[in-house]
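Dear colleague,

I am passing the structure below on to you, and my notes on it follow. Please read them with the structure open beside you.

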Amino acid sequence: EELRKVGAVPWVIPLIPHDPDTLGEIFNRLDGVFITGGVDVDPSRYGEEKTALCGTIDPDRDAVEIALLKHALAHKLPVLAVC
């Protein structure tokens with residue numbers, strides 16, 4: 001609701017990492033990116049091993065969100081990510 005108050009139209013991006021063409025079409029329509037908190041990022045994504053402190057991971061979410069962030073950085077889109 002808060003995003004809509006400032007004129008944003010939130011989209012839920014599907015977790016379809018094996019369909020980069022569809023993701024690209026979605027990403028190309030974005031003016032900014034808001035990434036919500038959720039499960040833990042797989043530590044292997046940043047060169048670490050998973051320990052007992054790591055909670056649930058979602059490889060598809062990691063793949064889509066990382067692709068989304070790379071797109072946002074390449075296109076200089078604003079990004080807000082929360083934990």
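**Salt bridges and their surroundings**

Glu25 and Arg29 bring their side chains together in a salt bridge, with N and O 3.2 Å apart. Please keep in mind here, and in everything below, that this is a predicted model. Of this pair, Glu25 is partly exposed, because its relative accessible area is 46% and the exposed class begins only over 50%, whereas Arg29, at 52% relative accessibility, counts as exposed.

By the rule used, the count of salt bridges comes to three. Another of them links Lys5 to Glu2, whose closest N and O atoms are 3.1 Å apart; these two residues sit three apart in helix α1 (residues 2-5), so about one helical turn separates them, and both Lys5 and Glu2 are exposed. There is also a salt bridge between Glu65 and Arg61, where the closest N and O atoms are 2.7 Å apart. Both of these residues belong to helix α3, four residues from one another, which is about one turn of the helix. Arg61 counts as buried, because its relative accessibility is 17% and buried means under 20%.

Helix α3 (residues 59-74) also holds Asp62, which is buried yet has no salt bridge, the nearest side chain of opposite charge being that of Arg45, 4.3 Å away. That distance leaves the two unpaired, because a salt bridge requires a side-chain nitrogen within 4 Å of a carboxyl oxygen. Apart from neighbours within four places in sequence, Asp62 is in contact with Asp40, Val41, Asp42 and Arg45.

**The surface and the whole chain**

On the surface, Leu3, Phe34, Leu80 and Val82 form a nonpolar patch, with about 310 Å² of accessible area together. Val82 lies in the segment after β2 (79-81), and it counts as partly exposed, at 39% relative accessibility.

As for the protein as a whole, its secondary structure consists of three helices and two strands, which follow the pattern α-α-β-α-β along the sequence. The C-alpha trace spans about 40 × 30 × 20 Å along its principal axes, and of the 83 residues 22% are buried. The protein exposes about 6200 Å², of which carbon and sulfur atoms supply 56%. Among contacts between residues at least 6 apart in sequence, 53% join residues at least 24 apart. Finally, the protein has 8 positive and 14 negative charges, and the mean positions of the two sets are 6 Å apart.

With best wishes

Conventions: Residues are numbered from 1 along each chain as its sequence is written. This is a predicted model: local features need pLDDT of at least 70, side-chain atom pairs count only at pLDDT 80 or more; totals for chains, interfaces and linings use all residues. Side-chain values use heavy atoms; hydrogens and water are left out. Buried means under 20% relative accessible area, exposed over 50%, partly exposed in between (1.4 Å probe, protein chains only). Contact means heavy atoms within 4.5 Å. Accessible areas come from the Shrake-Rupley method with a 1.4 Å probe; for residues, only the protein chains shown count as cover. Lys and Arg count as positive and Asp and Glu as negative; His and the chain ends are not counted. The place of a charge is taken as NZ of Lys, CZ of Arg, CG of Asp or CD of Glu. Patches are made of residues with over 30% relative accessible area and no salt bridge: like charges are joined within 9 Å, nonpolar side chains (Val, Leu, Ile, Met, Phe, Trp, Tyr) within 5 Å.
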